[in-house]
Amino acid sequence: MTMRQVELRYNPAEIEERWQERWRTDDIYRVRDDDPRPKWYELTMYPYPSGDLHIGHWYAMGPSDCHARFRRMQGYNVLHPMGFDAFGLPAENAAIQRRIHPYTWTMGNIEKMRGQLASMGPVYDWDRQLVCCDPEYYRWNQWFFLKMYERGLAYRATAPVVWCSSCNTVLANEQVVNGRCERCDTIITRRDLEQWFLRITSYAEELLDFGGLIDWPEKILIMQRNWIGRSEGVEIAFDLSHLGLEAQDIRTFTTRIDTIYGVTFLVLAPEHPLVERLTTDDRKAEVQAYVEEARRQTEIERLAAEKEKTGVFLGSHVVNHLNGEKVPIFIADYALMTYGTGAVMGVPAHDQRDFDFARKFDLPIRVVIAPPGWAGEELEEAYLEEGVHTNSGPFDGMPNSKGKEAIADHVEAQGWGRRAISYRLRDWLISRQRYWGTPIPMVYCADCGVVPIPEEDLPVLLPSDAEFLPTGQSPLSLDSSFINTPCPRCSGPATRETDTMDTFVDSSWYMERFTSPGYDKGPFDPQALAEWMPVDQYTGGAEHAVMHLLYARFFTKALRDMGLVEFDEPFRRLYNQGIILGEDHEKMSKSRGNVVNPDEFVTTLGADAVRCFLMFLGPWDQGGPWSTSGINGTARWLNRLWELCQQDPSSLDESPTDETAVRDIQRKLHQTIKRCYEGLDRFKFNTTISAMMELSNYLGRAWNDGSVGPATWRESIEKLLLMLAPVAPHLAEELWERTGHGYSIHQQLFPAWDEELAAEEVVTLVVQVNGKLRDKLEVPADVAEEEAKSLALASPKVQAHLGDKQVARTIYVPGRLVNVVAN
RNA sequence: GCCGAAGUGGCGGAAUGGUAGACGCGACGGUCUCAAAAACCGUUGGGGGCAACCCCGUGUCGGUUCGAAUCCGACCUUCGGCACCA
């Protein structure tokens, strides 16, 4: 395929490099905390330093840089910083595979990416760069951890954790995708380990309150709401006292207490602590086999398309307090130990899963909520709708919506249970069996137990001489000089925690660190924090809808309760850009061979052309396919601007005779300013650029006609360049200089528009007959209704279409349309 | 299965109750050139007509309205997210 390419009249590489150098030496993007202008903090999610700035990064960062530049031109003091999410697994894999230290690998990548980022021509103030593998950064991770530990927000627990045998690491539940490791796609297994957790669940209720957010996509709020998964119900006990065990009952959680009389069995999660005690001798072998199977099953279960219900009877029974009935106890993998109490009351008539289970095991299906017109016949499937209580003792005849409350009251009065709220959200597992992360600042002493490292001994540094084994075992756990340390409390021999923290800890507070990145008396300078936070506009991919954003919100609330910050939410507004696809409209991937390398286009067509095309290709939030011929279009436009803006207006006639042409060009100019202002304000980059293209086309025609004077021309070009500045910063600066303006265009305000100049004097009045377009009339914009209607009726075309029909009514939309309704 | 987003020319898209297809790509025709590329000018939703013009057209079917790409209902398709949540 031969690719035709624009031949530029200018050398973008030369211009861009020169201006980037100039901006750097003049420090025009330095951000000052004490600037009197109103502040605007615009943040793009910082990238992982993979070593290559791909087109996806450009798509995230180019338009957000443009938006930040627009806010500068609106007169804000804009903080738009950049840093690197520098801890994480790939560095460790590189260490294992290529014997490069993760630090060396990471810092080398950062250097390379800084160069690539700089080639975009962004407004980043590099003095504020933040790299979270820097000990001066991660010491504060450790400090926060200690603060949380003090307040009971960090705790250690044994938990069946998800294990990826390929990454050799524990995964958070949230990091498992369809039973596979999110990162490497390996099928996961399970392991029991002592882990550190952060108690995000204590903030579940507050995290559901989005009141402090201004402009977040509804979609993200829905995802977070579903993720937290609040449900109201009743925790109710089933009696075990007849068995003479130390456990007197089994507690279950239900949202359908109204169906309690329909319980015909009980299901425990296979991992439930009571399983062993409740299994009768004759069932032991079968139960044990099932438990083992279930633990292994995470591997298999997701692979089965439609899973049939499985389970095993334990041999014992519980008693339903409400009707005194004995019902059998099963274990089944559809009961999850991680949700509710790990036990489910089985109501087959009114829950589809229970229904399927009962069918499979031949258990009774008792209707307790009668469907309308039900005459006692058997159900074909679970009945989930509203109905009237039946087979429900004293509650018979009551509508179940009422019964729900009445039964809950009864249960609470009898002391069998209580109303409760259950969340799907689980605590945040932060332990990672890895080297390349923040060491968890804890020590284990034989005498004193778990002892936190004293604050003054932070940071606990990662040892630089760690050994990386090809097995992927945690280098810290093999490093005796790291592990062995005197106990901070008794000075006796002790060992360090060898786990490091999830990298989401780093990103939970980095936006605060950006306000004072060099500060060493605390995680951030309280004054700078007060000046800048919260982030006014956060942008990034929707893939972080839940985890990162929820963790950062949690951190902020926890820090607030420690008195460290004074706001409730870290990100006031959020905007998610879409995904840039390959030229074949598929997701870019090496295996598809459709990956676009931005550097090639930067070299040949310039960063401005790449920025422009990424913004032009479609609405930013929808993403869309890259197009190699499409970028030619934007390059061609910039090329035309190069020519157009440098036309010498002194050759134009000083006193143009064509007053209308002058008025028309002013109107177009002011309409364009308005459209661009509003477009940039709302991330509508594609239509903003279209508007500028329309203006430049218009100016081009005016030039050819010679219909305007030099003053109008100069004003138009000047304002066009100002509008271009956030979009194509290099070219705008170059042309600004070449048109005799003072340095720098990036310290100018965005042009204002004049509503009167933008207003149309003559409008096209659309004339319809019965809703079909029949004529167009040029009329004054302020035409009166009666005038418009009579003009419309007088139109010969309208008359022709009316024939001998009677005009029933006439609709008038001021300045737009007349619709003649006739029959 | 559930939740969410989206379906408009050959392609990316514009128009969020009032001229469907702005802007751009591609294609076609022309200018320039020995020639090509680039650049510049013009045409470009489909069908009919010599023409003025007419008919059809925004995933499908129905509805509301003087008027629907836009609002409502049902369905189909694609993409993204979550998955036994008791």
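Reader: If two strands count as paired once DSSP finds at least two bridges between them, which residue in S26 is the bridge partner of leucine 43?

Author: This is a predicted model, and in it leucine 43 has tyrosine 538 of S26 as its bridge partner. The pairing is between strand S1, residues 39-44, and S26, which run parallel and are joined by 3 bridges.

Reader: And what does S26 do with strand S27, how many bridges are there?

Author: S26 pairs with S27, residues 571-577, in the parallel sense over 6 bridges, and within that pairing glycine 540 is matched with asparagine 576 of S27. Between these two strands the chain passes through helix H15, residues 547-561, in a β-α-β crossover that is right-handed.

Reader: Is S26 itself mostly covered or mostly exposed?

Author: Strand S26, which takes in residues 535-541, is mostly covered, with 7 of its 7 residues buried.

Reader: Changing topic, where does threonine 515 sit, and why does it count as buried?

Author: Threonine 515 lies in the loop that links helix H13 (510-513) and helix H14 (526-532). It counts as buried because its relative accessibility is 1%, and the cut-off for buried is under 20%.

Reader: Which residues is threonine 515 in contact with, beyond its neighbours within four places in sequence?

Author: With those neighbours left aside, threonine 515 contacts Asp33, Tyr41, Arg128, Phe524, Ala528, Leu529, Trp532 and Met533.

Reader: What about helix H22, how many of its residues are buried, and what covers them?

Author: In helix H22, residues 729-738, 8 of the 10 residues are buried, among them Pro729, His730, Glu733, Glu734 and Trp736. Their cover includes helix H1 (12-26), helix H2 (55-73), helix H17 (607-616), helix H18 (628-645) and helix H21 (710-724). Just after H22, glycine 740 adopts a positive phi of about 85°.

Reader: Stepping back to chain A, how many helices and strands does it have, and what share of its residues is buried?

Author: Chain A has 25 helices and 33 strands, and 54% of its 823 residues are buried. Its C-alpha trace spans about 110 × 85 × 55 Å along the principal axes. Among contacts with a separation of 6 or more, 73% are between residues 24 or more positions apart.

Reader: What can you tell me about its exposed area and its charges?

Author: Chain A exposes about 36400 Å², of which carbon and sulfur atoms supply 48%. There are 86 positive and 121 negative charges, and the mean positions of the two sets are 2 Å apart.

Methods:
Residues numbered from 1 in each chain as written. Chains lettered and ligands numbered in written order. Predicted model: local features only at pLDDT ≥ 70, side-chain atom pairs only at ≥ 80, totals over all residues. Heavy atoms only, no water. Buried < 20%, exposed > 50% of the residue type's maximum accessible area, 1.4 Å probe, protein only. Helix = DSSP H or I, 4+ residues; strand = E, 2+ residues; numbered from the N terminus. Contact = heavy atoms within 4.5 Å. Areas by Shrake-Rupley, 256 points an atom, 1.4 Å probe, with all protein chains shown as cover. Lys, Arg positive; Asp, Glu negative; His and termini not counted. Charge placed at Lys NZ, Arg CZ, Asp CG, Glu CD. Pairing = 2+ DSSP bridges. Right-handed = clockwise from strand over helix to strand, strands pointing away.
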